[in-house]
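Subject: Structure handover

Hello,

Here is the structure we talked about handing over. My notes on what was found follow below it.

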Amino acid sequence: MSLFFKSSAKYIKPFYLLLILLGLPCFGQIESKTKKENLLLTTQKFSLGARIGTSKTYAHITDTDERSNFKTLGKSGYAVAGHLSMPVIRGINFIAESGFESIGRKMKDLNSGWVNDVNYNFLTASMGIQKFLTLKKNGHPLGNFYFSFGPGLTRLLGGKGKIITPGGQISKYLMVFK
């Protein structure tokens with residue numbers, strides 16, 4: 001059994017319970033439009049999708065004495081996630097999202113000239129309630145404005161980096177969590 005299964009075995013039952021709870025509203029409900037109509041079986045409206053995006057990170061050093069010794073350089077990253085959205089009541093949706101994110105930081109030591117370039121890899125999950133308002137101008141819809149509220153979880157998987165000296169030597173390193 002791998003290390004991943006040993007560390008995540010205790011989360012498997014809650015994961016399946018969450019899938020069942022999220023899936024129950026999708027099976028259907030019985031509704032009657034008028035008293036004379038037969039009961040119709042309809043399904044919950046929901047949307048599934050993917051989210052892919054890029055990011056640019058600039059590290060911030062909080063210690064003012066150390067801030068003068070380092071220069072932060074921009075570091076590019078990306079995120080890939082799956083997205084589920086279901087209406088709860090008019091104008092309010094339940095949203096759930098899970099994915100992978102790679103971000104990093106790049107800093108230069110101004111005294112020695114060394115550059116530390118590192119990438120961090122994360123698993124992400126979030127769910128919550130989303131309220132949207134339709135923006136209108138002269139009665140014509142322009143788009144939707146969204147407010148979201150809910151928890152988000154992030155699990156650091158590990159990362160890798162390299163230190164580049166002023167002479168061009170590169171020392172690579174790997175972050176491992178056991």
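**Glu66 and its surroundings**

Glu66 is partly exposed, at 36% relative accessibility. The residue sits in helix 3, which spans residues 64-67. Asp109 is 43 residues from Glu66 along the chain, and the C-alpha atoms of these two are separated by 9.9 Å. Please keep in mind throughout that this is a predicted model.

**The chain as a whole**

The secondary structure comes to 3 helices and 10 strands. Read from the N terminus, the order of elements is α-α-β-β-β-α-β-β-β-β-β-β-β. The chain has 178 residues, and buried ones make up 19% of them. About 13700 Å² of the chain is exposed, with carbon and sulfur atoms supplying 61% of that area. As for contacts between residues at least 6 apart in sequence, 51% join residues at least 24 apart.

**Salt bridges**

How many salt bridges does the structure hold? There are 2.

One of them is formed by Glu97 and Arg51, whose closest N and O atoms are 3.0 Å apart. This pair links distant parts of the chain: Glu97 belongs to strand 6 (residues 92-109) and Arg51 to strand 3 (residues 47-57), with their positions 46 residues apart in the numbering. Arg51 has a relative accessible area of 36%, so it counts as partly exposed.

Asp117 forms a salt bridge with Lys75, and here the closest N and O atoms are 2.6 Å apart. Distant parts of the chain are again linked, since Asp117 lies in strand 7 (residues 115-137) and Lys75 in strand 5 (residues 75-89), 42 residues apart. Are the two partners buried or exposed? Asp117 has a relative accessibility of 10%, which is under the 20% cut-off, so this residue counts as buried. Lys75, at 12% relative accessibility, falls under that cut-off too and therefore counts as buried.

**Ser85 in strand 5**

Strand 5, which holds Lys75, is also the place of Ser85. Ser85 counts as buried because its relative accessibility is 9%, under the limit of 20%. Which residues does Ser85 touch, leaving aside those up to four places away in sequence? The contacts are Phe46, Ser47, Asn93, Phe94 and Ile95. Of the elements already described, strand 3 includes Ser47 within its residues 47-57, and strand 6 includes Asn93, Phe94 and Ile95 within its residues 92-109.

**A nonpolar patch on the surface**

Leu133, Leu135, Leu142, Phe145 and Phe147 form a nonpolar patch on the surface, and together they have about 500 Å² of accessible area. Strand 7 and strand 8 (140-149) are the elements that give two or more residues to this patch. Strand 8 supplies the largest share, 3 residues.

Leu133 is one of the patch members and lies in strand 7, the strand that also holds Asp117 of the salt bridge with Lys75. Why does Leu133 count as partly exposed? Its relative accessibility is 39%, and partly exposed covers values between the buried limit of 20% and the exposed limit of 50%.

**In brief**

The points to look at in the viewer are the salt bridge of Glu97 with Arg51, the salt bridge of Asp117 with Lys75, buried Ser85, and the nonpolar patch that includes Leu133.

Regards

Notes:
Residues numbered from 1 in each chain as written. Predicted model: local features only at pLDDT ≥ 70, side-chain atom pairs only at ≥ 80, totals over all residues. Heavy atoms only, no water. Salt bridge = Lys/Arg side-chain N within 4 Å of Asp/Glu carboxyl O. Helix = DSSP H or I, 4+ residues; strand = E, 2+ residues; numbered from the N terminus. Buried < 20%, exposed > 50% of the residue type's maximum accessible area, 1.4 Å probe, protein only. Patch = residues over 30% accessible without salt bridge, like charges linked within 9 Å, V, L, I, M, F, W, Y side chains within 5 Å. Areas by Shrake-Rupley, 256 points an atom, 1.4 Å probe, with all protein chains shown as cover. Contact = heavy atoms within 4.5 Å.
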